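This report looks at charged contacts, a surface patch and internal space in one protein chain. Please keep the sequence and the model in view while reading.

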Amino acid sequence: MKKTLFCFAFAVSVLFVSCKKDDPNLEPVKDIDGNEYAVVKIGDQYWMTQNLITTKYNDGTAIATGLNDSAWAAASAGAYALYEGVASNNTVYGKLYNWQAASSAKLAPTGWHVPTRTEWTQLVEFLGGSGVAGGKLKSTSSLWNAPNTGADN
């Protein structure tokens with residue numbers, strides 16, 4: 001349970017809108033596995049609209065998976081897991097990557113990167129500050145429980 005909670009919090013805070021792109025092209029982005037991600041412009045930044053689901057780094061190297069809780073906690077190399085260990089959650093939530101994978105500079109599709117603290121701050125400020133930014137980034141879908149305050153996609 002600790003692994004899932006830690007990883008989910010990490011995945012949401014780091015990969016919720018995934019990565020910033022420097023090219024203003026809004027064409028979908030493909031990862032090394034061929035998965036496509038839509039792109040949205042928010043302020044002067046470009047963000048993927050869903051969490052990553054890749055099983056490989058952008059150089060083609062496989063990312064480890066299937067670690068039990070103790071192996072996950074002791075991992076010194078990148079790894080991923082599925083939320084609650086349920087395969088169907090991959091489509092809904094994306095994969096949960098540990099810090100080693102997220103900080104490898106090889107997780108995001110080529111030309112993209114995991115956002116820096118400065119980029120997150122810029123996004124939050126553009127959306128009106130910490131009191132409203134979360135709502136503006138949330139989906140209006142049934143994934144969020146009522147009252148889903150501020151959700152506007």
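## Surface patch, salt bridges and cavity

In this predicted model, Trp 144 has a relative accessible area of 38% and is therefore partly exposed. Trp 144 sits in the segment that follows helix 6 (133-137), and together with Val 92 and Leu 143 it makes a nonpolar surface patch of about 270 Å².

The charged side chains form three salt bridges, which are set out below with their N to O distances.

| Acidic residue | Basic residue | N to O distance |
|---|---|---|
| Glu 36 | Lys 30 | 3.9 Å |
| Asp 33 | Lys 56 | 3.5 Å |
| Asp 59 | Lys 106 | 3.4 Å |

In the bridge between Asp 33 and Lys 56, Asp 33 belongs to the loop between strand 2 (29-30) and strand 3 (36-37) while Lys 56 belongs to the loop between strand 5 (45-48) and strand 6 (64-65), so the pair ties together parts that are 23 residues apart in sequence. Asp 33 is partly exposed at 29%, and Lys 56 is partly exposed at 31%.

The bridge between Asp 59 and Lys 106 links distant parts of the chain, with Asp 59 in the loop between strand 5 and strand 6 and Lys 106 in the loop between helix 4 (99-102) and strand 9 (112-113), 47 residues apart. In the remaining pair, Glu 36 is partly exposed at 45% relative accessibility, whereas Lys 30, at 52%, counts as exposed.

A search of the whole structure finds one cavity of 30 Å³ or more, and about 30 Å³ of space lies in the largest cavity. Its lining includes Lys 56, along with Asp 31, Tyr 57 and Pro 109 among others, and the lining residues divide into five nonpolar, two polar and two charged.

How values were computed
Residues are numbered from 1 along each chain as its sequence is written. This is a predicted model: local features need pLDDT of at least 70, side-chain atom pairs count only at pLDDT 80 or more; totals for chains, interfaces and linings use all residues. Side-chain values use heavy atoms; hydrogens and water are left out. On a 1 Å grid over the protein atoms alone, a cavity is a set of points where a 1.4 Å probe fits but cannot get out, and a pocket is an open set with protein on both sides within 12 Å along at least five of seven lines; lining residues have an atom within 4 Å of a point. Grid points are joined across faces, edges and corners, and a volume is the space filled by probe spheres set on the points. Ala, Val, Leu, Ile, Met, Phe, Trp, Tyr, Cys and Pro count as nonpolar, Asp, Glu, Lys and Arg as charged, and the others, Gly among them, as polar. Patches are made of residues with over 30% relative accessible area and no salt bridge: like charges are joined within 9 Å, nonpolar side chains (Val, Leu, Ile, Met, Phe, Trp, Tyr) within 5 Å. Accessible areas come from the Shrake-Rupley method with a 1.4 Å probe; for residues, only the protein chains shown count as cover. A salt bridge is a side-chain nitrogen of Lys or Arg within 4 Å of a carboxyl oxygen of Asp or Glu. Helices (H or I, at least four residues) and strands (E, at least two) are DSSP runs, numbered from the N terminus. Buried means under 20% relative accessible area, exposed over 50%, partly exposed in between (1.4 Å probe, protein chains only).
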